[in-house]
Amino acid sequence: MAKTLEQEKLTVNENQSDILLEVNGLKKFFPVKAGILQRTVGHVKAVDDVSFYVKKGETFGLVGESGCGKSTTGRTIIRLYEPTDGKVLFEGKDISNLNEKQLKPYRRDIQMVFQDPYSSLNPRKTVGTILEEPYRVHKLYSKAERKERVEHLLEKVGLNPDLRNRYPHEFSGGQRQRIGIARALTLNPKLIIGDEPVSALDVSIQSQVLNIMDDLQKDFGLTYLFIAHDLGVVKHISDRIGVMYLGKMMEIAPKRRLYSNPFHPYTQALLSAVPKSHPSEVKKERIILKGDVPSPSNPPKGCVFHTRCPKVMDHCKQEIPALKELEPGHFVACHLYE
Ligand code: SF4
């Protein structure tokens, strides 16, 4: 598949050896079936030509309203969903077409932490058994070593190792998410994809979990792809941020640039809704977007944001804006900047 101009720009500006994950022109369409014969009558374009990269040791925040395709992007990278088109390169190797056997080593290197710690932990198993399971599956370590490693992991996520014999329901939501993080760490992954890992938690608990993730990143040399619906949540943890809307990438920028000088009208609207994190900050005027997000089974022609954009122009309704680099590392898909 030929690389588009923006995909080339996304890669050539970085030293290739610094890049852990590269997503090029990724598409994930789900068929819409109807009738007695369940014929395919259309497609939900959950992810439509998305490109970005994540450097080793950094946190890339992927943000957008629910239904924008950010979680589908994460799940397609880890091959919980098969990609419709595009490439996913991990350490320079295309993993988007590998079969299950070829994928096995990558399943250790890339782990996912899910939003709902309640449903992702088996309620009938003790926490110790849950955390030891990956070692047993991969036939790693002796029984004594597994126990030692599990206790070490529990300590690392701020839980008392003596709690290993308890069941998931005996823990609070925040503690359960820490267990989910510990489980993701068992096989020493290189990349952790956090699919809204703190969204289900109280605000006070969110910051505790984010701090733990921050510490673990330093201790284990981890790289994070952190998916969230709220620019406020990713602010502290991310180095760079990508903003998605209706299956498309709208803007990518280093964190400071994105928060201080967002280019895309959608990012500007999202940021105007983020509460001030410090009293000295100047509060931006709230931009209220009109209407609802259109259906991804029938996205608008041209710029997918044009039905809600306060700055829409005539040709926005016809032409899809390409993701272009306006400043070093700051990419935007908007006709205003052409
Ligand atoms: Fe708005 Fe047009 Fe830019 Fe889309 S391309 S965000 S409709 S100004």
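In this predicted model, the charged end of Arg149 sits over the ring of Tyr141, at 3.9 Å from the ring centre. The briefing below starts from such side-chain contacts and then turns to the annotated domain, the sheet and the helices that lie across its strands.

**Charges over rings**
- Besides the placement of Arg149 over Tyr141, the model has the charged end of Lys28 over the ring of Phe30, where the distance to the ring centre is 5.0 Å.

**Aromatic pairs**
- Searching the whole structure for aromatic pairs gives 8 of them, and one of these is formed by Phe90 and Tyr106, whose rings meet edge-to-face with 6.0 Å from centre to centre and 85° between the planes.
- Because Phe90 belongs to strand E4 (residues 85–90) and Tyr106 to helix H3 (residues 100–109), this pair ties together parts that are 16 residues apart in sequence.
- Both members of the pair, Phe90 and Tyr106, are buried.
- Elsewhere in the chain, one aromatic cluster is made up of Tyr245, Tyr266 and Phe305.

**Annotated domain**
- According to the UniProt record, an unreviewed entry, residues 32–271 carry the annotation "domain: ABC transporter".
- Within residues 32–271 the chain is 41% helix and 25% strand, and the C-alpha atoms at the two ends of this stretch are 34 Å apart.

**The eight-stranded sheet**
- An open sheet of 8 strands, with mixed pairing, follows the order E6-E7-E8-E3-E9-E10-E12-E11.
- The edges of this sheet are taken by strand E6 (110–113) and strand E11 (324–327), each of which has a single partner strand, so one side of each is left without a neighbour in the sheet.
- On average, and with direction ignored, neighbouring strands of the sheet are turned by 20° against each other.
- Strand E3 (residues 59–63) and strand E9 (residues 240–245) run parallel and are joined by 4 bridges; in E9, Ile241 is the bridge partner of Gly61.

**Helices across the strands**
- Helix H2 (residues 70–77) lies across E3, E6, strand E7 (191–195), strand E8 (223–228) and E9, and it runs at about 145° to E8.
- Helix H8 (residues 203–220) lies across E3 and E8, with a direction at about 160° to E8.
- Strands E3 and E8 are thus listed for H2 and also for H8.

Technical notes:
Residues numbered from 1 in each chain as written. Predicted model: local features only at pLDDT ≥ 70, side-chain atom pairs only at ≥ 80, totals over all residues. Heavy atoms only, no water. Phe/Tyr/Trp six-rings, centres within 6.5 Å; stacked < 30°, edge-to-face > 60°. Buried < 20%, exposed > 50% of the residue type's maximum accessible area, 1.4 Å probe, protein only. Lys NZ or Arg CZ within 6 Å of the ring centre and 35° of its normal. UniProt positions renumbered as here; feature names shortened; annotations may be inferred. Pairing = 2+ DSSP bridges. Axes fitted to C-alpha atoms, helices over the stretch in contact; angles between N-to-C directions. Contact = heavy atoms within 4.5 Å.
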